[in-house]
Amino acid sequence: MNNDVAKKSRKSRRPSIDARPTVLADIPADPEPTDEDLERISVKMGIKKVDTDPLNTRRNTLLYFWKDDLQKKLPDLFHVEFVDFIDIFPEGIINYQHYLDSNLWAEIWNDCLTRANHRCAGCGRKATQVHHRDYRPRVLRGEDRSPLVVLCRSCHSKVHAVRTKDSKSWEDCERELARMVNEYNAAIIASQLAKDNEDKKRPWRRTRAPGPVMSVTDKV
Ligand SMILES: [Zn+2]
Ligand SMILES: [Zn+2]
């Protein structure tokens, strides 16, 4: 990379004056069963007590059935890390690629990008993609857009590359996303502070003060 290119790419990473830090919404914690809940499931499914169970197999089986039972009644109760198939349309189950081709997704995608001013939450460049931090049905239906984050292609692939390379956990994707968003937020704040200091020195050149910190998306 020659000096000109290096200067140019550094310049393009500098946040513009109207850039806003992104707040990543909290993902609600999953509910935990009580012992009575597990006992009820064990009776319902006929899963007997065992004398020795060093790997906690029985408890894990009960946990699985307890979650499955509850999720059928309340599909939005648990966090969904990834999906291959989607069951929110009256026409029946579709695969994820068909969902991405749907008019519903086009509307959600467009709305998220517009609200974020088409600015990548990880670097401030032009955003063209929307990342899911949660796939529970209400998010897929567009009723809760708070776990959706707009990103440029490069930042989005960085978030998911973690998944395909070393390990496959949702936590790794989250860590990478938080790292880039925090880094860019810090750059925005530093540039706003520098601008404030400039304005103090030359009050006659003062422009509009930055507004409050905004989340990219809100719950609908
Ligand atoms: Zn980016
Ligand atoms: Zn994504």
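User: Why does asparagine 56 count as exposed?

Analyst: Asparagine 56 has 10 C-beta neighbours inside 10 Å. A residue is exposed if 12 or fewer other C-beta atoms lie within 10 Å of its own, buried if 20 or more do, and partly exposed in between, with the C-beta atoms placed from the backbone. A count of 10 satisfies the condition of 12 or fewer, and asparagine 56 is therefore called exposed. This is a predicted model, in which local features need pLDDT of at least 70 and side-chain atom pairs count only at pLDDT 80 or more, while totals for chains, interfaces and linings use all residues. Residues are numbered from 1 along each chain as its sequence is written, and chains are lettered from A and ligands numbered from 1 in the order in which they are written.

User: Where does asparagine 56 sit, and what is its phi?

Analyst: Asparagine 56 is placed in the loop between helix H2 (35-45) and helix H3 (57-73), where helices (H or I, at least four residues) and strands (E, at least two) are DSSP runs numbered from the N terminus. Its phi is near 60 degrees, which is positive although the residue is not glycine. Asparagine 117, in the loop between H5 and S3, also has a positive phi near 60 degrees.

User: What makes asparagine 117 partly exposed?

Analyst: Asparagine 117 has 14 other C-beta atoms within 10 Å. That count lies between 12 and 20, so asparagine 117 is partly exposed.

User: How do you know that aspartate 26 is exposed, and which residue lies 120 residues apart from it along the chain?

Analyst: With 8 other C-beta atoms within 10 Å, aspartate 26 meets the condition of 12 or fewer, and it is therefore exposed. Aspartate 26 belongs to the loop between H1 and H2, and 8.5 Å separates its C-alpha atom from that of serine 146, 120 residues apart along the chain.

User: Why is leucine 177 called buried?

Analyst: Leucine 177 has 24 C-beta neighbours inside 10 Å, which reaches the threshold of 20 or more, and so it counts as buried. Leucine 177 lies in helix H8 (residues 170-201), whose buried residues are Cys173, Leu177, Val181, Tyr184, Asn185 and Ile188. Beyond four places in sequence, leucine 177 is in contact (C-beta atoms placed from the backbone, within 7 Å) with Val149 and Val159.

User: How do you know that the span of H8 agrees with its 32 residues?

Analyst: The expected span of a helix is 1.5 Å times one less than its number of residues, so the 32 residues of H8 should span 46 Å, and the end C-alpha atoms, 47 Å apart, agree with this. For helix H5 (residues 103-115), 13 residues should span 18 Å, and the end C-alpha atoms are 18 Å apart, which agrees.

User: What makes isoleucine 108 of H5 buried?

Analyst: Isoleucine 108 lies in helix H5 and has 21 other C-beta atoms within 10 Å, which satisfies the condition of 20 or more, and it is therefore buried. Leaving out residues up to four places away, isoleucine 108 touches Gly142 and Arg145, and its C-alpha atom is 8.7 Å from that of arginine 141, 33 residues apart in sequence.

User: Why do S3 and S4 count as paired?

Analyst: Two strands pair if DSSP finds at least two bridges between them; strand S3 (residues 129-132) and S4 are antiparallel and joined by 4 bridges, so the pairing condition is met. Glutamine 129 stands opposite leucine 151 in S4. Both faces of S4 are covered, since Leu148 and Val150 on one side and Val149 and Leu151 on the other are all buried.

User: Which residues touch the most other members of the largest nonpolar core?

Analyst: A nonpolar core is a set of buried Ala, Val, Leu, Ile, Met, Phe, Trp, Tyr and Cys residues joined through C-beta atoms within 7 Å. The largest has 20 residues, of which Cys120, Ala121, Val150 and Leu151 touch the most other members. H5, S4, helix H7 (153-164) and H8 each give two or more residues to this core, and H8 gives the most, with 5 residues.

User: Where is confidence lowest and where is it highest?

Analyst: On the pLDDT scale, the predictor's confidence in each residue from 0 to 100, the lowest mean is 48, in helix H1 (residues 3-13), and the highest is 98, in strand S4 (residues 148-151). The mean over the protein is 87, with 83% of residues at 70 or more.

How values were computed
Two residues are in contact if their C-beta atoms, placed from the backbone, lie within 7 Å.
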